[in-house]
Amino acid sequence: MAGAATRPALSAGRRAGALGLATVAGVAVAVQSRINGELGGRLGDGIAAAVVSFGLGLLVLLVLVPATRGGRRGLAALRGALADGTLRPWQCLGGVCGAFLVFTQGATVGALGVAAFTVAVVAGQSGSSLLVDRAGVGPSGRQPVTVARLAGAVLTVAAVLLAVSGRFGEPTALVLAVLPLLAGVGVAWQQAVNGWVRVSTASTLTATLVNFAVGTAALLVAFAVDLALRGRPPGSLPAEPWLYLGGPIGVTFIAVAAAVVRFTGVLLLGLATIAGQVTGAVLLDLLLPTTAARPGATTLLGAGLTLVAVAVAALGGRFRAWSSATRSGTRRGPAVDGGR
């Protein structure tokens, strides 16, 4: 495996901006989950909904990447990196995990609701992010499992469990939640390897194109097998244009994640997107409730605790450094380590 990429000099402003972008991207994922869940319900087939979502995202990228100078340079760099071994073929397979996540959106959100779906993804993603960072899979290299980072991950799982505690009294929800739980485990690895493609090609668009090309190919194979086993096609495509926005939203999320993971590490990126997902899921279930999701007080408390968890993981080390410097009388400015 290639060594860790040179980590950019980090300022408090740059890290805060990266975490802010990741949080907004997380909100977009919650919206995508609702869209793909509705599309899967209309088609009666979660795999078909995932093919439509990923396929549309791929079409957008097939237009954008060749049309931009950076995209064309990125494609040339991708070929060179694969040829000289700077980038390993397995590091281009992040899209498989993304495809599985989108499939679980279409297959389970209609029954679970966005908030319950999110807790299952989060539970897998939080623990997996710690392991991925510790192993140094991402371009930021090995990240120590500090007390702040571990506490942030544990608090996040506790927060989202609180947010949807009422849903997990239902046996059907417990069974369905296994799929997004497994998808969450894959998300951390996906973000890490997509970050390597971004570093190797110096192109966020190229990294996103690789993710969607691999994911679409995997979904087409799965759809062919599903079609052969079911013996009947999915339902007809719905007419509402908003049901086809899941793919473009996914393009935005993958691009943001690939661009900022080298500044944040996998765990902090995951926690920031989790905060956005939970916040977005709660807002969606409050403003546009479905029969599967009508959030109460515990859901709102869980969302608030999730934001606290992100702050603990992101700022814990910086606060300790600031406090120590203050006590010793040597503080000159804010520390920028952030618990890494």
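Which helix gives the largest share of the nonpolar patch? The answer is H10, which supplies three residues, and this tour will come back to that patch after a look at the whole chain.

**Before you start**

The model is predicted, so local features are given only at pLDDT of at least 70 and side-chain atom pairs only at pLDDT 80 or more, while totals for chains, interfaces and linings use all residues. Residues are numbered from 1 along each chain as its sequence is written, and side-chain values use heavy atoms, with hydrogens and water left out.

**The whole chain**

Show the protein as a cartoon, and you will find eleven helices and zero strands, where helices (H or I, at least four residues) and strands (E, at least two) are DSSP runs numbered from the N terminus. Of the 340 residues, 53% are buried, a word that here stands for under 20% relative accessible area, with exposed meaning over 50% and partly exposed in between (1.4 Å probe, protein chains only). If you turn on the surface, its accessible area is about 14000 Å², and 71% of that belongs to carbon and sulfur atoms; these areas come from the Shrake-Rupley method with a 1.4 Å probe, and for residues only the protein chains shown count as cover. Among contacts (heavy atoms within 4.5 Å) with a separation of 6 or more, 84% are between residues 24 or more positions apart.

**The nonpolar interior**

Next select Phe-212 and Leu-271, which touch the most other members of the largest nonpolar core, a set of 49 residues. A core of this kind consists of buried Ala, Val, Leu, Ile, Met, Phe, Trp, Tyr and Cys residues joined through side-chain atoms within 4.5 Å. Helix H10 (residues 246-287) gives this core its largest share, 18 residues. Around Phe-212, leaving aside neighbours within four places in sequence, look for its contacts, including Phe-54, Leu-58, Leu-61, Val-251 and Ile-254. Another core lies apart from this one and has eleven residues, among them Leu-101, Val-114, Phe-117 and Ala-281.

Now move to Thr-208 in helix H9, which is buried at 0% relative accessibility. Not counting residues up to four places away in sequence, Thr-208 touches Leu-61, Val-251, Ile-254 and Ala-255.

Then select Ala-313 in helix H11 (residues 297-328), again a buried residue at 0% relative accessibility. Draw a line from Ala-313 to Leu-150, and the C-alpha atoms are 7.4 Å apart in space, although the two are 163 residues apart in sequence.

**A pair of rings**

Select Trp-90 and Trp-189, whose rings are stacked, with 6.3 Å from centre to centre and 25° between the planes. Rings of Phe, Tyr and Trp (its six-membered ring) pair if their centres lie within 6.5 Å, and planes under 30 degrees apart count as stacked, over 60 as edge-to-face and the rest as tilted. Because Trp-90 lies in the loop between helix H3 (69-84) and helix H4 (94-112) and Trp-189 in helix H8 (residues 178-201), the pair ties together parts that are 99 residues apart in sequence.

**Charged partners**

Which residue forms a salt bridge with Asp-226? It is Arg-230, with the closest N and O atoms 3.7 Å apart, and a salt bridge here is a side-chain nitrogen of Lys or Arg within 4 Å of a carboxyl oxygen of Asp or Glu. Both residues lie in helix H9, four residues apart, about one turn of the helix. Keep Arg-230 selected and add Asp-45, since the side chains of these two also meet in a salt bridge (3.8 Å, N to O). Arg-230 lies in helix H9 and Asp-45 in the loop between H1 and helix H2 (46-67), so this pair ties together parts that are 185 residues apart in sequence. Asp-45 is buried at 5%, whereas Arg-230 is partly exposed at 30%.

**Back to the surface**

Finally, select Leu-283, Leu-286, Leu-287, Leu-288 and Leu-300, which form the nonpolar patch and have about 490 Å² of accessible area together. Patches are made of residues with over 30% relative accessible area and no salt bridge, where like charges are joined within 9 Å and nonpolar side chains (Val, Leu, Ile, Met, Phe, Trp, Tyr) within 5 Å. Leu-283, found in helix H10, is partly exposed at 44% relative accessibility.
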